[in-house]
There are 2 protein chains.
Amino acid sequence: MVRSREFDEHKVLDTAMHLFWEKGYEAASLNDLTAAMGIQKPSIYSAFGNKEELFETALRKYTQMHASAARAQLSRSASVKEAFREYFEQIVAQESGTERRRGCFCINTMVELAPHHAKFEILTREHQNYLAALFEETIKRGIRSGELSEEMNAQAVAQSLLIALIGLTVLLKSRPEPSLISNAITVTLTLLH
Amino acid sequence: MVRSREFDEHKVLDTAMHLFWEKGYEAASLNDLTAAMGIQKPSIYSAFGNKEELFETALRKYTQMHASAARAQLSRSASVKEAFREYFEQIVAQESGTERRRGCFCINTMVELAPHHAKFEILTREHQNYLAALFEETIKRGIRSGELSEEMNAQAVAQSLLIALIGLTVLLKSRPEPSLISNAITVTLTLLH
DNA sequence: TTCATTACTTACCGATCAGTATGTTATAAT
DNA sequence: ATTATAACATACTGATCGGTAAGTAATGAA
């Protein structure tokens with residue numbers, strides 16, 4: 001009774017996510033989006049609503065992806081210290097490899113939109129809170145295993161590491177001297193001692 | 001022989017700086033600028049060149065202002081630990097006081113423009129390097145006075161504190177729970193122990 | 001007072017913005 | 001095969017973008 005959709009919704013949403021991630025909300029125009037997604041504007045509007053709704057859907061997809069990737073990364077090593085070190089260093093390696101440094105879509109949105117749109121202020125805050133809780137869990141695992149001191153304030157240290165992670169991700173956009181970053185990570189991770 | 005300028009160049013540049021600071025490069029339109037600055041578009045173009053040049057001039061003014069404010073802030077207390085604590089807490093207090101959280105103009109630019117414009121990548125990197133050097137000087141003052149250990153790697157700790165400062169400034173845009181932030185700052189500053 | 005020069009205001013430029021009306025094509029139930 | 005329905009492509013909308021042409025007003029040197 002109906003004509004069937006000719007594009008893969010998940011695929012084109014993924015493309016939109018990467019475009020918003022790289023260029024931000026304002027700088028990514030609908031013409032950019034149609035060109036990248038390979039579909040026309042009416043198709044975007046019928047499938048995702050307007051630009052802001054498409055952006056929100058893309059960001060939600062990103063935060064889910066990012067959250068599970070972070071969880072996987074922090075679970076890879078039995079040592080909590082090692083896990084965090086690998087996590088930080090993976091971010092440096094990842095960003096250094098690309099020409100255009102996209103950083104983190106959620107952090108980019110926190111800077112561009114959170115102060116002007118309550119919806120994105122809340123959405124980004126909730127994701128940061130999720131990451132902080134994940135970090136806290138990981139630290140508590142280290143305390144239980146005896147790797148970390150029982151006197152450590154897991155919640156506060158988790159929040160500090162999250163702040164460091166945000167700062168690192170942002171600073172990498174200006175292509176700082178790699179050796180400076182590497183030493184700074186080592187120092188930051190002494191918070192786990 | 002000539003008609004004299006009717007507006008104060010420093011004053012209108014200051015207004016433009018605050019507008020770019022709050023809204024970013026893309027979102028601050030020339031109509032927004034003329035309305036805020038109180039002059040017409042041809043006056044802007046004759047005095048400052050095009051939008052990008054005006055933005056660059058405004059950003060340079062900001063970084064100079066910001067650098068000397070940071071230097072003054074870090075010099076206020078004889079204790080280096082106290083100086084950094086006051087610096088971090090002043091930022092939280094400042095941002096918490098405003099409705100729209102502007103954050104730091106240089107950090108905003110690092111996120112929005114540095115990956116796409118080499119000029120702003122360099123400009124923002126140089127400012128961050130300046131701040132890192134200022135932090136390093138301050139830490140070395142603490143080592144000389146005996147407040148900090150001689151074994152401390154001043155450069156690496158300075159870089160870590162800078163990263164934490166960036167992360168804090170960005171995170172504040174999502175209005176996190178104040179108590180979390182306060183505890184995280186305390187933990188971060190143990191890097192000076 | 002005249003005149004060259006520069007700052008000003010107004011009105012406009014083509015390009016692009018987000019979003020939509022309209023007509024065509026494909027599908028599946030009848 | 002017919003037909004209702006939804007997805008498609010094309011072309012358009014008014015608004016706004018950054019930037020400028022053109023004409024007027026003010027200034028100071030001669």
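## Exercise 1: Salt bridges

**Task.** Find how many salt bridges there are over all chains, then look at which side chains A:Glu9, A:Glu136 and B:Asp14 pair with.

**Solution.**

*Step 1.* A search of the whole structure, which is a predicted model, gives 28 salt bridges over all chains. Side chains of opposite charge can pair when their charged atoms come close.

*Step 2.* Start with A:Glu9, whose side chain forms a salt bridge with that of A:Arg5, at 2.4 Å from N to O. A:Glu9 has a relative accessible area of 33%, so it counts as partly exposed. A:Arg5, at 43%, is partly exposed as well.

*Step 3.* Next comes A:Glu136, which meets A:Lys140 at 3.0 Å, N to O. Both residues sit in helix H7 of chain A, four residues apart, and that is about one turn of the helix. Now check their surroundings: residues under 20% relative accessible area are called buried. A:Glu136 has 18%, so it is buried, whereas A:Lys140 has 38% and is partly exposed.

*Step 4.* Finish with B:Asp14, which pairs with B:Lys61 at 3.7 Å, N to O. B:Asp14 belongs to helix H1 of chain B and B:Lys61 to helix H4 of that chain (residues 51-75), so this salt bridge ties together parts that are 47 residues apart in sequence. B:Asp14 is partly exposed at 26%, and B:Lys61 is partly exposed at 22%.

## Exercise 2: A network and a far-off residue

**Task.** Name the residues linked with A:Lys119 in a network of salt bridges, and work out how far A:Lys119 is from A:Leu192 in sequence and in space.

**Solution.**

*Step 1.* The network of salt bridges links A:Lys119 with A:Glu52, A:Glu56 and A:Arg60.

*Step 2.* Compare the C-alpha positions of A:Leu192 and A:Lys119: they are 34 Å apart in space, and the residues are 73 apart in sequence.

*Step 3.* Now place A:Leu192 itself. This residue lies in the segment after helix H9 (178-188) of chain A. With a relative accessibility of 2%, A:Leu192 counts as buried.

*Step 4.* Which residues does A:Leu192 touch, once neighbours within four places in sequence are left aside? Its contacts are A:Lys81, A:Phe84, A:Ile139, A:Leu148, A:Met152, A:Val157 and A:Leu161.

## Exercise 3: A covered helix and a buried glutamine

**Task.** Decide whether H6 of chain A is mostly covered or open, and describe the surroundings of A:Gln128.

**Solution.**

*Step 1.* Count the buried residues in H6(A): seven of its eight residues are buried, and the helix is mostly covered.

*Step 2.* List them: they are A:Phe105, A:Cys106, A:Ile107, A:Asn108, A:Thr109, A:Met110 and A:Val111.

*Step 3.* Ask what they pack against. In chain A the partners are H1, helix H4 (51-75), H7 and helix H8 (154-171), while chain B supplies H6 and helix H8 (154-171).

*Step 4.* Turn to A:Gln128, which is found in helix H7 (residues 118-145) of chain A. Its relative accessible area is 3%, so A:Gln128 is buried.

*Step 5.* Beyond its neighbours within four places in sequence, A:Gln128 contacts A:Cys106, A:Ile107, A:Met110, A:Leu162 and A:Ile166, along with B:Leu171 of the other letter.

## Exercise 4: The largest pocket

**Task.** Describe the volume of the largest pocket and its lining.

**Solution.**

*Step 1.* Rolling a probe the size of a water molecule over the atoms shows where empty space is left. The largest pocket has a volume of about 570 Å³.

*Step 2.* Its lining holds 34 residues, and those nearest the centre are A:Lys23, A:Glu26, A:Glu112, B:Glu26 and B:Glu112.

*Step 3.* Sort the lining by class: 14 residues are nonpolar, nine are polar and 11 are charged.

*Step 4.* Ask which helices take part. Helices H1 (9-23) and H6 (105-112) of chain A and helices H1 (9-23) and H6 (105-112) of chain B each give at least two lining residues. H6(A) gives the largest share, five residues.

## Exercise 5: Regions from a record

**Task.** Find what UniProt places at residues 6-66 of chain A and at residues 29-48 of chain A, then describe the chain there.

**Solution.**

*Step 1.* For residues 6-66 of chain A, UniProt (unreviewed entry) gives "domain: HTH tetR-type". Over this stretch the chain is 77% helix and 0% strand, with its end C-alpha atoms 28 Å apart.

*Step 2.* For residues 29-48 of chain A, UniProt (unreviewed entry) lists "DNA-binding region". Here the chain is 80% helix and 0% strand, and the end C-alpha atoms lie 15 Å apart.

Note on methods:
Residues numbered from 1 in each chain as written. Chains lettered and ligands numbered in written order. Predicted model: local features only at pLDDT ≥ 70, side-chain atom pairs only at ≥ 80, totals over all residues. Heavy atoms only, no water. Buried < 20%, exposed > 50% of the residue type's maximum accessible area, 1.4 Å probe, protein only. Contact = heavy atoms within 4.5 Å. 1 Å grid on protein atoms, 1.4 Å probe; cavity = no way out; pocket = protein on both sides within 12 Å on 5 of 7 lines; lining within 4 Å. Points joined across faces, edges and corners; volume = space filled by probe spheres on them. Nonpolar A, V, L, I, M, F, W, Y, C, P; charged D, E, K, R; others polar. UniProt positions renumbered as here; feature names shortened; annotations may be inferred. Salt bridge = Lys/Arg side-chain N within 4 Å of Asp/Glu carboxyl O.
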